[in-house]
Amino acid sequence: MAINKVGVVGGGLMGHGIAQICAQAGWDVVLREVDDGKVEKAVAMIDKQLSRAVDRGRMEGAAADAVRGRIEGTTDYGRLADCDLVIEAITEDLGLKLEMWKEVDPIVKDGAFLATNTSSLAVIDQAAVTSRPDRFLGLHFFNPAQVMPLLEVVQTVTTSDEALKVGFEVGEVLGKTVVHAKDKTGFIVNRLLVPYMLDAVRAYEEGVGSIEEIDAAMKAGANHPMGPLTLADFVGLDTLVSIGAVMFDEYRERRFAAPPTLRKMVAAGWYGRKSGKGFYDYSGDKPVASELGL
Ligand SMILES: NC(=O)c1ccc[n+]([C@@H]2O[C@H](COP(=O)([O-])OP(=O)(O)OC[C@H]3O[C@@H](n4cnc5c(N)ncnc54)[C@H](O)[C@@H]3O)[C@@H](O)[C@H]2O)c1
């Protein structure tokens, strides 16, 4: 099926990136946010990325202008009506997502496909509130969507072969490495990565090594680009706890449960990089391991 126009609902960390790469692929893009301020913020983030690409010689100025010209920011769901594909990247809250689809599904033309970028929620729960669960799939991009090469195309029980094929085609056009994943919480990457990060916290709690030692060991011993505790800070400790909670709820296995230290850090507002403090303190010139009092 030919895709000419893509709707992106939510213009935060993920949504603005997805909108940008879709416009770079030559598709017209409608980017919907909740208010004008949020629309402006999302578009400004895209402008900044495009300017940086031009400054670094990775994109011609005219090409950047053309990309920008293909993106329409709006607060009006009605603008999604003639999209061939609508991808949601709104806040990770099932209630909000279901409310949104109940409004969007009747507006978007028949024949269009709907997709969720959720990291931890079951795709079927969203598909089931639409009138087209056969045309609903998961398109799980990684942060930042402009850079990370992977796209998990998620098939839930209702997803048709046609919808799955569209997911693969979208990934190929966007130049992504596309993998097929079933609708099991965490899909492939988080299913493996989340327990790994949580286990690193447990190893720290058990005194196996210090924060720096655990990170240094996995970098030098497993050739990972960053250690698991640095990675946890990067993902966001609050996000890690909430994804872990959803996965624990689904699988009831200890490996998905947030260790006490992590829950306490989140309660204290230590969310990692974004709050300036997590396993490391980011207030100085370079990160310094935090004193966690264990
Ligand atoms: N952050 C990540 O690393 C990451 C990676 C992959 C997938 N995801 C998934 O992507 C989704 C978005 O995550 P994020 O990190 O971009 O969150 P975010 O908080 O940065 O952005 C969410 C945006 O959605 C907007 N929003 C809320 N309700 C809306 C609605 N009805 N219509 C339009 N906009 C609405 C909010 O105003 C906000 O700007 C989540 O489902 C998350 O699980 C996140």
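**Reading the assignments in a predicted model**

Reader: Setting aside its neighbours within four places in sequence, which residues is Leu 80 in contact with?

Author: Leu 80 is in contact with Gly 7, Val 30, Arg 32, Val 86, Val 104, Ile 107 and Val 108. Two residues are in contact if their C-beta atoms, placed from the backbone, lie within 7 Å. The model is predicted: local features need pLDDT of at least 70, side-chain atom pairs count only at pLDDT 80 or more, and totals for chains, interfaces and linings use all residues. Residues are numbered from 1 along each chain as its sequence is written.

Reader: Why is Leu 80 called buried or exposed?

Author: A residue is buried if 20 or more other C-beta atoms, placed from the backbone, lie within 10 Å of its own, exposed if 12 or fewer do, and partly exposed in between. Leu 80 has 23 other C-beta atoms within 10 Å and is therefore buried. Leu 80 belongs to the loop between β3 (71–74) and β4. From the C-alpha of Leu 80 to that of Val 29, 51 residues away in sequence, the distance in space is 9.2 Å.

Reader: What places Asp 93 in its exposure class?

Author: Asp 93 has 12 C-beta neighbours inside 10 Å and so counts as exposed. Asp 93 is located in the loop between β4 (85–88) and α4. Its C-alpha atom is 30 Å from that of Glu 205, and the two residues are 112 residues apart along the chain.

Reader: What phi values do Phe 187 and Asn 223 have, and is each buried or exposed?

Author: Neither residue is a glycine, yet phi is positive in both: about 50° for Phe 187 and near 60° for Asn 223. Phe 187, in the loop between β8 and α7 (189–205), has 22 other C-beta atoms within 10 Å and is therefore buried. Asn 223, in the loop between α8 (211–222) and α9 (228–235), has 7 C-beta neighbours inside 10 Å and so counts as exposed.

Reader: What makes α9 a mostly covered helix?

Author: Of the 8 residues of α9, 7 are buried: Pro 228, Leu 229, Thr 230, Leu 231, Ala 232, Asp 233 and Val 235. The cover over these residues includes α7, α8, α10 (237–251) and β9 (280–281). Gly 236, just after α9, has a positive phi of about 105°.

Reader: How many helices and strands are there, and what defines them?

Author: The protein chain has 11 helices and 10 strands. They are DSSP runs numbered from the N terminus: H or I with at least four residues for a helix, E with at least two for a strand.

Reader: How do you know which partners β7 has and in which sense it pairs with them?

Author: Two strands pair if DSSP finds at least two bridges between them. Strand β7 (residues 150–155) is joined by 4 bridges to β6 (residues 136–141), and the two run antiparallel. With strand β8 (residues 177–182), β7 pairs in the parallel sense over 6 bridges. In β8, Thr 177 is the bridge partner of Leu 150. From β7 the chain passes through helix α6 (residues 161–173) to β8, a right-handed β-α-β crossover. The term applies when, with the strands pointing away from the viewer, the path from the first strand over the helix to the second runs clockwise.

Reader: What is joined by the cis peptide bond, and where does Pro 144 lie?

Author: The cis bond joins Asn 143 and Pro 144, with omega about -5°. Pro 144 sits in the loop between β6 and β7.

Reader: Which residues surround the ligand most closely?

Author: Of 23 residues around the ligand, the closest are Gly 10, Gly 12, Met 14, Ser 119 and Asn 143. Two elements, α1 (13–24) and α4 (94–104), give two or more residues to this shell, and α1 has the largest share, 3 residues. A residue is near the ligand if its C-beta atom, placed from the backbone, lies within 6 Å of it. By class, the shell has 10 nonpolar, 9 polar and 4 charged residues. Ala, Val, Leu, Ile, Met, Phe, Trp, Tyr, Cys and Pro count as nonpolar, Asp, Glu, Lys and Arg as charged, and the others, Gly among them, as polar.

Reader: How does the radius of gyration of the protein chain stand against the rule for a compact globule?

Author: For 294 residues, the compact globule value is near 19 Å; the protein chain has 20 Å, which agrees. The radius is taken over C-alpha atoms, and the rule is 2.2 Å times the number of residues to the power 0.38. Of the 294 residues, 43% count as buried.
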